[in-house]
Amino acid sequence: QVQLVESGGGLVQAGGSLRLSCAASRSIFSINIMGWYRQAPGKQRELVAVIISGDSTNYADSVKGRFTISRDNAKNTVYLQMNSLKPEDTAVYYCKAYKVVAGLEYDYWGQGTQVTVSS
């Protein structure tokens with residue numbers, strides 16, 4: 001089991017920045033993929049960014065060049081630096097850990113943190 005706790009959300013004006021943190025209850029060194037997802041009201045949850053063991057990253061087209069995902073294995077924490085925020089970035093942001101153990105797949109989710117971008 002891995003518990004994930006997000007923090008860092010809040011209200012910001014368009015063009016501003018926020019940094020989200022996702023603290024894991026245990027080492028993330030062996031977790032295959034850590035990612036950030038978001039869900040806006042009335043919309044499906046969508047991928048924002050992922051970081052794969054080895055530090056390869058992937059981003060949704062809508063956030064490329066503005067958001068950066070990173071991980072600090074020593075702190076068991078994953079970050080999402082969000083710059084040049086837009087009103088359409090408003091959503092609840094969730095952290096996810098994906099792990100494969102002995103051929104079995106496990107997904108763990110945090111409780112989410114609200115990000116609101118005003119125009």
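**Exercise 1. Count the helices and strands, and describe the fold's overall size.**

The protein has eleven strands and zero helices. Both are DSSP runs numbered from the N terminus: helices are H or I with at least four residues, strands are E with at least two. This is a predicted model, where local features need pLDDT of at least 70, side-chain atom pairs count only at pLDDT 80 or more, and totals for chains, interfaces and linings use all residues. Residues are numbered from 1 along each chain as its sequence is written, and side-chain values use heavy atoms, with hydrogens and water left out.

Next, size. The radius of gyration is taken over C-alpha atoms, and the globule rule is 2.2 Å times the number of residues to the power 0.38. For 119 residues, a compact globule would have a value near 14 Å; the protein has 14 Å, so the two agree. The C-alpha atoms fill a box of roughly 45 × 25 × 25 Å along the principal axes.

**Exercise 2. Find the residues at the heart of the largest nonpolar core.**

Start with the term. A nonpolar core is a set of buried Ala, Val, Leu, Ile, Met, Phe, Trp, Tyr and Cys residues joined through side-chain atoms within 4.5 Å. Buried means under 20% relative accessible area, exposed over 50%, partly exposed in between (1.4 Å probe, protein chains only).

The largest core has 31 residues; L4, M34, W36, L80, M82 and Y93 touch the most other members. Elements that give two or more residues to this core include β3 (18-24), β4 (33-39) and β9 (91-101).

Now take L4. Leaving out residues up to four places away in sequence, L4 touches, among others, C22, M34, C95 and W109. Contact means heavy atoms within 4.5 Å.

**Exercise 3. Classify the aromatic pairs around Y94 and Y108.**

Rings of Phe, Tyr and Trp (its six-membered ring) pair if their centres lie within 6.5 Å; planes under 30 degrees apart are stacked, over 60 edge-to-face, the rest tilted. The structure holds three such pairs.

Y94 and W109 have ring centres 6.5 Å apart and planes at 85°, so the pair is edge-to-face. Y94 is in strand β9 and W109 in strand β10 (residues 104-109), 15 residues apart. Y94 is buried at 14% relative accessibility; W109 is partly exposed at 35%.

Y106 and Y108 are stacked: 6.5 Å centre to centre, 5° between planes.

**Exercise 4. Which charged residue sits over the ring of Y94?**

The cut-off: NZ of Lys or CZ of Arg within 6 Å of the ring centre and within 35 degrees of the ring normal. R45 fits, with its charged end 3.7 Å from the centre of the Y94 ring. R45 also lies over the face of W109, at 4.6 Å from the ring centre.
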